[in-house]
Amino acid sequence: MRPENQSSVSKFLLLGLPIRPGQQGVFFTLFLGMYLTTVLGNLLIILLIRMDSHLHTPMYFFLSHLAFSDISLSSVTVPKMLMNMQTQQQSISYVGCISQLYFFILFGSLDNFLLAVMAYDRYVAICHPLHYTTIMREGLCVLLVAASWIIACDHALLHTLLLVRLSFCANNTVTHFFCDLTVLLKLSCSDTSLNELVIFVEGGMLYSLPLVIVLGSYIHIGTIILRAPSTKRLLKTFSTCGSHLLVVSLYYGTLAGIYFLSSSWDSKDIIASVMYTVVTPMLNPFIYNLRNTDIKQALEMFVNRVNLFKWKSLNPLLQSRAQ
């Protein structure tokens, strides 16, 4: 790297959330609880899908990857935010900031691709039910997930490499609770026109294409349902697509809030970012648990297995004490 492109900043300062000093403890407890709920809830989804053979279908295969992505997305930003709130140390190293940026873009875009893949899966299930097993075969499912991972990794790597070529001379204060790409570009004292062009062209294409797939899938589903409307068919469609449609609404709603409502360090930007990185990954397991009969049944079977295991473990102990 040429000397003029080397960053003179060895660390950044994260301003964090605009919270009063007296409220730090309350918000620390709140966000810690939300983060633990996110991790445990999504891990439970993954565990149930792995253990129950009835859930070894394309939809739940995609859902398990979405759950892992949600855990990772929250883990990229929330632990550092919690540590800063607890220790009052707002600094993050240059390497740590770049790493956080890379993984945030990676898992954020992976969520986007997986939601599009899941929308296509629902389209095939509703519009082509007789050919569903033929179309959504195991090889295609693996290929779709692998392509989502590869594209997301390349997308994150591209923007990260374009960022590290920039110089950060004096101002190192990140007006956010994590290293966001748009905020870092504002801090650079180099020409960021190439970065902005790539964000607009490449980033716009990668985020608009999955949205088009999602909208197109649900437009086709709606068209099929309206051709021969019936209460039974509507309920079946809502049961099949309701959870995914709600998750999609949360994802794109908060994403729109970040990029269309945010302008500077203001409350709208903070609320949208917290929704995107903390609240939405936490709500996804509840949405699929509360609205999905298969997940509920798998959860009941899992609880019964745990209770049976406890009873078998305690029974010999109780018998020995009785003797």
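Show the whole protein chain as a surface, and what you have is about 17000 Å² of exposed area, of which carbon and sulfur atoms supply 68%. The model is a predicted one, and that should be kept in mind at each stop of the tour. Of the 323 residues in the protein chain, 47% are buried.

Change to a cartoon view, in which the protein chain shows ten helices and three strands. Following the chain along its sequence, you pass these elements in the pattern β-α-α-β-α-α-α-β-α-α-α-α-α. When contacts in the protein chain are taken between residues at least 6 apart in sequence, 80% of them join residues at least 24 apart.

**The sheet**

Select residues 11-14, which form strand β1, and then add β2 (91-93) and β3 (173-174), the two edge strands, each of which pairs on one side only. Together they make an open sheet of three strands in the order β2-β1-β3, and the pairing in it is mixed. In general, the strands of a sheet pair through backbone hydrogen bonds, in either a parallel or an antiparallel sense. On one side, β1 and β2 run antiparallel and are joined by three bridges, while on the other side β1 and β3 pair in the parallel sense over two bridges.

Which residues should you pick out to see Leu13 and its partners across the sheet? Towards β2, Leu13 stands opposite Ser91, and in β3 its bridge partner is Thr173.

Now add helix α3 (residues 94-127), which packs on the sheet and touches β1 and β2, with its direction making about 85° with that of β2. Show the side chains of β1 as well: Phe12 and Leu14 belong to its covered face, whereas Lys11 and Leu13 belong to the uncovered one. This fits the general rule that in a regular strand the side chains alternate between the two faces of the sheet.

**Along helix α3**

Stay with helix α3 and select Asn112, which has its place there. Is Asn112 buried or exposed? Its relative accessibility is 0%, and since buried means under 20% relative accessible area, Asn112 counts as buried. If you leave aside the neighbours within four places in sequence, the residues in contact with Asn112 are Leu206, Tyr207, Pro210, Tyr251 and Tyr252.

Next select Asp121 and Arg122, whose side chains meet in a salt bridge with an N to O distance of 2.6 Å. A search of the whole structure finds one salt bridge, and both Asp121 and Arg122 are buried. As a general matter, side chains of opposite charge can pair when their charged atoms come close.

**From Phe62 to Thr38**

Asp121 also leads to the next stop, as Asp121 is one of the residues that Phe62 touches. Phe62 lies in helix α2 (residues 58-87), and it is buried because its relative accessible area is 0%. Not counting residues up to four places away in sequence, Phe62 also touches Val117, Met118, Met136, Cys141, Leu144 and Val145. For a distance to display here, take the C-alpha atoms of Phe62 and Val142, which are 80 residues apart along the chain and separated by 9.2 Å.

Move then to helix α1 (residues 24-51), where Thr38 has its place. Thr38 counts as buried because its relative accessibility is 1%. Its contacts, leaving aside neighbours within four places in sequence, are with Asp70, Ile71, Ser74, Val278, Pro281 and Met282. Between Thr38 and Ser74, which stand 36 residues apart along the chain, the C-alpha atoms are separated by 7.8 Å.

**A loop before β3**

Select Ser167, which sits in the loop between α5 (138-164) and β3. Ser167 counts as buried because its relative accessibility is 6%. Display its C-alpha atom together with that of Ser188, 21 residues apart along the chain, and you will find the two separated by 5.7 Å.

**Back to the surface**

For the last stop, select Leu194, Leu197, Phe200, Val201 and Met205, which make a nonpolar surface patch of about 520 Å². Val201 is found in helix α7 (residues 193-227). How does Val201 stand between buried and exposed? With a relative accessible area of 40%, Val201 is partly exposed, whereas Asn112, at 0% relative accessibility, counts as buried.

Definitions and conventions. Residues are numbered from 1 along each chain as its sequence is written. This is a predicted model: local features need pLDDT of at least 70, side-chain atom pairs count only at pLDDT 80 or more; totals for chains, interfaces and linings use all residues. Side-chain values use heavy atoms; hydrogens and water are left out. Two strands pair if DSSP finds at least two bridges between them. Helices (H or I, at least four residues) and strands (E, at least two) are DSSP runs, numbered from the N terminus. Contact means heavy atoms within 4.5 Å. Axes are lines fitted to C-alpha atoms, for helices over the stretch in contact, and angles run from 0 to 180 degrees between N-to-C directions. Patches are made of residues with over 30% relative accessible area and no salt bridge: like charges are joined within 9 Å, nonpolar side chains (Val, Leu, Ile, Met, Phe, Trp, Tyr) within 5 Å. Accessible areas come from the Shrake-Rupley method with a 1.4 Å probe; for residues, only the protein chains shown count as cover. A salt bridge is a side-chain nitrogen of Lys or Arg within 4 Å of a carboxyl oxygen of Asp or Glu. Buried means under 20% relative accessible area, exposed over 50%, partly exposed in between (1.4 Å probe, protein chains only).
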